[in-house]
Amino acid sequence: MPAPPPTNAVFTTMSSKAYGMLAVLCGALFLDALDVSMKGVALPAIGTSLDMSTSTLQWVITGYVVGFGGFLLLGGRAADLLGRRRMLLASLMVFVIGSTVGGAAPNGEVLIAARFVTGVGAAFSAPAGFSIITTSFAEGHIRNKALAIFTATGATGMAFGMVIGGLLTDLDWRWVFFAPSVVGLAAFLGGLALIPRSPRPEGGAKDFDILGAVTITATMVLVVFTLVQAPEVGWASARTVGSLVAAALLLVVFTAIERKIDKPLVRLDMLRSPALVRANIAAMSLIGAWIGVLFTMTLYFQDYRGWSAMETGFAVSPVGLVAAVLSTRIAAPMVGRFGVERVVLAGMTSAVLAYALLQFLTADSSYAALLLPAFLLIGLGFSLAYGPLTMAAADSVPVADQGVAGGLVNTSFQIGPALGLSVATAVNAANTGPAPSEVLHGLRVALAVPLIFAVLGVLAMLPALRRRVVAPAAAPLAQEEAARG
């Protein structure tokens, strides 16, 4: 995600101190990336232990997503105005506390509440960590290298989340929560020692758009909550309609606040950018489709075919492994050559092909012949689309608004999973039954949801084919990668 050049970079070379600070920031991001995939593989064991139904079980994932997506814009603005180091350390402690409570939860209600709190902590740590990199490393090769390492960490977390989650679940599903608490505490202690203090931001709290932040956060939380509950209570129910009306009214209030305030949280005219709209739609579809597949395939592997959590983790891990290996090797050079939106389009097309393959799922589908090719294509899709989507959002607005654009697209990265997971779960529940053939039918119908999501992402990015290629912000990194061979 491009950002304005820092005025006083702390590091101009990759010194041992620079690597130490980067390790702390990567550790915090690793936790965020690890979370959903690690918890996903543990869902069947959690449901059995705490007597949670399938529809309730999705809230172990969705609760985190609601907290993360709902508070991202607030978290980004808080880091800018209240201090990035301070917000990162505070949010890491929130993450540690939430994860620890989740591991000790005696019932589903406590677990879901803890997941929401953990998501809120991640919403403040993610933008703080990113902005520490962009303001601490000098513009050019050193910052590009730091960002490449930082981005690859997210892919690595995804790669090993299922495997680590499977190993821990085989011991006891509660370790899926306790282990991240230990890592989060280590990151907190490392941050205290290795992240340099910086001067308090000018303006600080007095420039904080509190009313706007509270209003848009309430809006986002209510929207996500309504979307994930609608399939269960009914799209036309009074509860769903009333919640959507309330969210619309909150959005009107937010718009009025942003028009009157001198330093708004979001400058409204940037929302008129078609490229920004396309990037956000594609972001929702990319992650929403994947989380829907992750939830459905976990049920297929463990509940239908009787695989262990560890076997499930290894089965799905090629997605993250491909993304971890290729995200820093092919995406940047391709962006420099073909343009960021065309690379995103290629990634979304790869995802469509993968989800089309999964439509042929049977009771005894061959892993090597069907499932592995699908997972490899999904990994390729992430390699081409995930990082470039943030670039596409930032390139669509002026430099001064790139940080907000990045916050918006990251919010879409969180809304997508909430919507994709809720719709896939509802479709599965509506089409399944007690007989094995009925269970398989429900899973296959649910897998149509990610395919539809991915197709919408492709349609959103199709206008890129009609646009000439413009050298994007990632071009310098692409040239450096090419020069190094």
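**Figure 1. Leu265, a buried loop residue in a predicted model.** Leu265 has a relative accessible area of 7% and is therefore buried (buried means under 20% relative accessible area, exposed over 50%, and partly exposed in between, with a 1.4 Å probe and protein chains only). The residue belongs to the loop between α9 (238-260) and α10 (274-304); helices are DSSP runs of H or I with at least four residues, numbered from the N terminus. Gly212 lies 53 residues from Leu265 in sequence, yet the two C-alpha atoms are 6.4 Å apart in space. The model is predicted: local features need pLDDT of at least 70 and side-chain atom pairs count only at pLDDT 80 or more, while totals for chains, interfaces and linings use all residues. Residues are numbered from 1 along each chain as its sequence is written, and side-chain values use heavy atoms, with hydrogens and water left out.

**Figure 2. Surroundings of Thr226 in helix α8.** Helix α8 spans residues 210-233 and includes Thr226, which is buried at 4% relative accessibility. A polar atom of the Thr226 side chain lies 2.7 Å from the backbone oxygen of Leu222. Apart from residues up to four places away in sequence, Thr226 touches Thr240, Ser243 and Leu244 (contact means heavy atoms within 4.5 Å).

**Figure 3. Surroundings of Ser383 in helix α15.** Ser383, within the helix formed by residues 367-395, is buried with a relative accessible area of 2%. Its side chain places a polar atom 2.9 Å from the backbone oxygen of Gly379. When neighbours within four places in sequence are set aside, the contacts of Ser383 are Val322, Ala323, Leu326, Ser327, Ile330, Ala331 and Pro388.

**Figure 4. The aromatic pair Phe71 and Phe116.** The whole structure contains ten aromatic pairs (rings of Phe, Tyr and Trp, the last by its six-membered ring, pair if their centres lie within 6.5 Å; planes under 30 degrees apart count as stacked, over 60 as edge-to-face and the rest as tilted). In the pair shown, the ring centres of Phe71 and Phe116 are 6.2 Å apart and the planes meet at 75°, so the arrangement is edge-to-face. The pair joins distant parts of the chain, with Phe71 in helix α3 (residues 59-82) and Phe116 in helix α5 (residues 108-136), 45 residues apart. Phe71 is buried at 18% relative accessibility, whereas Phe116 is partly exposed at 29%.

**Figure 5. An aromatic cluster of Tyr300, Phe301, Tyr304 and Trp307.** These four residues, Tyr300, Phe301, Tyr304 and Trp307, form one cluster.

How values were computed: Helices (H or I, at least four residues) and strands (E, at least two) are DSSP runs, numbered from the N terminus. A polar contact is a pair of N or O atoms within 3.5 Å; within protein, one must be able to donate a hydrogen and the other to accept it, and residues adjacent in sequence count only if both atoms are side-chain atoms.
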